[in-house]
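Trainee: I would love to go through the cysteines of this protein with you. Could you take my questions one at a time?

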Amino acid sequence: MRDYDDAVAFLGEWGPFQRMIFFLLSLSTIPNGFTGVAIVFVGDTPDHKCVIPVGVNISGEWRNVSIPWENVDGERKYSQCRRYKLDEIKRLSDRQLIPGVDVNITDLEQEKCVDGWEYRRDTYKSTIVTEWDMVCDDSWKGPLTSSAYFGGVLFGSFLSGQLSDRFGRKKAFFSTMAIQTLFNFIEVFSPSWELFCVFHFFNGMGQISNYVSAYVLGSEILSKSIRIIYSTLGVCICYAIGYMMLPLAAFFIRDWRILLLILSIPGLFYIPLWWFIPESPRWLLSQGRVQEAEAILRKAARMNKVTPPDIIFEPVQRKHCLKVFREQNVTYSGSHNSHSKNRQFPFLFRMILSIGYFALSLNTSSLHGNIYLNCFSSGAVEVPAYIATWLLLQNCSRRLSLFFMLVQGGTVLLFIQLIPQDLTALCVAMEMLGKFGFTSAFAIVYAFTAELFPTVVRNMAVGVCSMASRIGSISAPYFVFLGKFDKFLPYILMGSLTIIAGVLALLLPESFGVPLPETIDQMQHIKG
């Protein structure tokens, strides 16, 4: 019996139908790129210090020394969370004592910023941090905001996989795109940090769910040779384009509410795609809906100006489809051979990669230099990473490719701590090289996962993989937060975990050159 790829070979590899699907689904991931890392600018913390109220009657000399100095990473800066006790300063000022001459100011008692904070406005007009004073004792709210977003991604990854496998790829794709666009817009009107986190949660739920649905839908419609290009040079590079668009928009829009409003608009342009993007014929076949699948393929044949056979799927294939449909009730956890156990590793890899990828992305604002240029570079480095991934997927073993990129990314991060702190440009370059490895490995795991699991559970498997990775991404903001206590601790942890994952990659089954499995039985025959 012919498999699905043989049955639809009459369409050709790269006709008008395939090109339409390729470009429309790829372009749909652009909003995912800027939505996923918008918190870099929306939630950045500018330099700040305690407010000294204008109405306090103290001399100019005492006002100028009212904030103590601190050493931060070898630099002398104003304290961001303490000031000298204002009542004491006023008493000394009233006695007309001179600071540093009559009084040793370092001996004065200090207090918290009870009157609020004064923020530098040269980089941002406002962020959620300046809006709701998420600094000092409330600095924990920053990483928790990002974790709320990735918590939504975690929930959405699981939910979208279930809905997509049950109700169809197309419905899941457009519904999650609507959720992402809607809640990105609603965030603009957040009256409090708590509600912003709730809206941010649902935004995250739609963001990655939409990306996974687009990825699986394209992978199932396109032929094998185009599938690899789609998964790397298609959706991934468009994601990177969206990533690079973010700092360009943020550079001209310094208010966080207006920035989010502008970023929510592109989602509206994808509404007309409903009439152009079909349901996955593979999914329809797995549901026993053979006539609908054939109708889509015949319409595609008209677009490609080719003549389809009178019978696309032979009766024996129709019976096979019903068997495939019944196999959906067989859970993957029911298989306990060594190959099945090894297939659990992609979940682990995605978790570790997500920690590294998002920690490096969210850490952009902490790097030396211009934050907009650093963020743009962080997005731009993904383009050559995806090109390298495409070349590797076309010509090399999946296991070895994943091993190489994981070890390369982890090793670079471990060596960052050995670079002298004054060589900031080299540190940034090394971090970007690490980002290159993480990005490439991320794309490889996406393609690898789609090739390892059969049609009946593919979207769910990719969704569960994404769900596992979000457990990592939820913790990623706290890896960045650890840098406040030890600058190199995040790099040591991320580098070590990534190298361990690289070694484990060698235990995976090899899918290079193997047809995309349709059933769980076919999946079991992919050799390790």
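Mentor: Happily! Let us start with a definition: a disulfide is a pair of cysteine sulfur atoms within 2.5 Å. Keep in mind that this is a predicted model.

Trainee: How many disulfides does that rule give?

Mentor: One disulfide joins C50 to C113, with an S to S distance of 1.7 Å. C81 and C136 form another, their sulfur atoms 2.0 Å apart. By this rule, then, the count is two.

Trainee: Is the disulfide of C50 and C113 left-handed or right-handed?

Mentor: Look at the torsion about the S-S bond. For C50 and C113 that angle is about -55 degrees, so the disulfide is left-handed.

Trainee: How many residues apart are C50 and C113?

Mentor: C50 sits in strand β1 (residues 48-50). C113 is in the loop between β5 (110-112) and β6 (117-119). The pair thus links distant parts of the chain, and the separation is 63 residues.

Trainee: Is C81 buried, partly exposed or exposed?

Mentor: Buried means under 20% relative accessible area, and exposed means over 50%. Its partner C136, at 17%, is buried. C81 has 28% relative accessibility, so C81 counts as partly exposed.

Trainee: Which cysteine has the sulfur nearest to that of C236?

Mentor: C236 is in no disulfide, and with a relative accessible area of 2% C236 is buried. The nearest cysteine sulfur is 9.5 Å away, whereas a disulfide needs a pair within 2.5 Å. That nearest sulfur belongs to C238.

Terms used
Residues numbered from 1 in each chain as written. Predicted model: local features only at pLDDT ≥ 70, side-chain atom pairs only at ≥ 80, totals over all residues. Heavy atoms only, no water. Helix = DSSP H or I, 4+ residues; strand = E, 2+ residues; numbered from the N terminus. Buried < 20%, exposed > 50% of the residue type's maximum accessible area, 1.4 Å probe, protein only.
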